[in-house]
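Hi,

Here is the structure I said I would pass on to you. Have a look at it first, then read my notes below.

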Amino acid sequence: MEAAMSGWDYSDENAKRLQRLYLTGDVKAQRAETIRQLDLSAGERVLDIGCGPGYLCESMAELVGPDGAVVGIDVSTDLIAFCNRQKAHAWISYAIGNATELGPSDASFDAVVCTQVAEYIPDVDRVLSETFRVLKPGGRTVFVATDWDAVVWHSDNRARMAAVMTAWEAHCAHPRLPRSMASRLIRCGFHLDGASVFPILNLRYDDEGYSKGLALGIRNFVSRTGDVSADDLEAWHGEFERLAAAGQYFFSTSRYIFRASRPAGAPA
């Protein structure tokens with residue numbers, strides 16, 4: 001991926017926050033659904049663009065087995081170091097990587113997956129064309145992305161909530177990427193095999209839910225933008241504990257999953 005994909009922070013602190021977030025029940029369930037849609041078989045080679053802490057790679061390695069291979073790339077040196085420390089299988093490899101200039105040779109993977117990463121890269125079409133290039137003819141890909149307008153988050157102060165979420169949009173290059181993902185894939189030469197929605201719903205504000213970790217990440221990011229006053233931002237973040245205690249907490253978002261394949265007749 002690009003070293004400066006957007007306004008997002010890839011420090012060691014944020015890497016640790018992402019690790020905790022990826023172990024929540026919500027993200028584990030999303031990971032299981034992503035793997036189901038990839039439909040991997042033993043012996044296949046798969047690339048994970050933006051592998052984060054490597055949990056998806058580790059799960060995929062169990063499916064492809066020692067006759068296959070899993071390659072994970074990420075922009076964060078801290079996350080890649082974490083991946084290499086916890087690597088469980090010899091057929092997994094991790095490296096610092098650039099999603100717009102993938103290192104592997106043409107037609108070298110049976111499958112490519114990219115979850116919650118493409119929206120952070122300004123030249124997202126280049127990511128898709130590179131994915132097409134490294135896939136074998138007949139190979140398949142799964143892209144997962146968020147439309148940040150699809151977040152429903154209860155607050156007693158709707159104007160403040162809107163201000164915070166508007167400021168948060170600056171953390172990625174394409175905050176509404178799913179709306180154009182199908183057409184982008186087709187323009188790059190892919191066959192669109194399907195699209196679906198993976199819902200996340202939190203009625204509690206606790207460490208097992210995705211939204212608590214997200215709220216902390218939003219607070220930290222928006223505090224650096226200066227678009228929302230410090231007092232309003234702390235009030236926004238502090239409201240969730242009160243709402244939860246009153247049984248009024250509500251958070252919902254959708255992840256959009258796109259499946260596509262490189263046509264078998266496409267030249268290698």
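Let's start with a pair of helices: H6 and H9 are roughly perpendicular to each other, because their crossing angle falls in the 65 to 115 degree range. Their axes cross at roughly 110° and come within 10 Å. H6 covers residues 158–168, and H9 covers residues 230–245. Keep in mind that this is a predicted model.

Who touches whom here? On the H6 side, the contact uses Arg-160, Met-161 and Val-164. On the H9 side you'll find Asp-232, Leu-233, Ala-235, Trp-236, Glu-239 and Phe-240. Sorted by class, that contact has six nonpolar residues, three charged ones and no polar ones.

Trp-236 is worth clicking on. Beyond its neighbours within four places in sequence, Trp-236 is in contact with Arg-160, Met-161 and Val-164, and also with Trp-153, Ala-215, Ile-218 and Arg-219.

Now for the inside of the protein. The largest nonpolar core has 48 residues. Which of them touch the most other members? They are Met-60, Trp-153, Ile-218, Val-222, Trp-236 and Phe-240. Helix H8 (residues 210–225) gives this core its largest share, six residues. There is also a second, separate core of 26 residues, and Phe-109, Ala-118, Val-134 and Leu-185 are among them.

Met-60 brings us to another helix pair. H2 (residues 25–38) and H3 (residues 55–64) have axes that come within 11 Å and cross at roughly 40°. That angle makes H2 oblique to H3, and the crossing is right-handed. In this contact, H2 offers Arg-31, Ile-35 and Leu-38, while H3 offers Tyr-55, Leu-56, Ser-59, Met-60 and Leu-63. The classes here come to six nonpolar residues, one polar and one charged. As you look along H2, remember that an α-helix has 3.6 residues a turn, so residues three or four places apart point the same way.

Is H3 mostly covered or mostly open? H3 is mostly covered, with seven of its 10 residues buried. The buried ones are Tyr-55, Leu-56, Cys-57, Glu-58, Met-60, Ala-61 and Val-64. Right after H3 comes Gly-65, which has a positive phi of about 70°.

Cheers

Technical notes: Residues are numbered from 1 along each chain as its sequence is written. This is a predicted model: local features need pLDDT of at least 70, side-chain atom pairs count only at pLDDT 80 or more; totals for chains, interfaces and linings use all residues. Side-chain values use heavy atoms; hydrogens and water are left out. Axes are lines fitted to C-alpha atoms, for helices over the stretch in contact, and angles run from 0 to 180 degrees between N-to-C directions. Helices (H or I, at least four residues) and strands (E, at least two) are DSSP runs, numbered from the N terminus. Angles under 35 degrees count as roughly parallel, over 145 as roughly antiparallel, 65 to 115 as roughly perpendicular and the rest as oblique. A crossing is left-handed if the near helix is turned anticlockwise from the far one by less than a right angle, and right-handed if clockwise. Contact means heavy atoms within 4.5 Å. Ala, Val, Leu, Ile, Met, Phe, Trp, Tyr, Cys and Pro count as nonpolar, Asp, Glu, Lys and Arg as charged, and the others, Gly among them, as polar. A nonpolar core is a set of buried Ala, Val, Leu, Ile, Met, Phe, Trp, Tyr and Cys residues joined through side-chain atoms within 4.5 Å. Buried means under 20% relative accessible area, exposed over 50%, partly exposed in between (1.4 Å probe, protein chains only).
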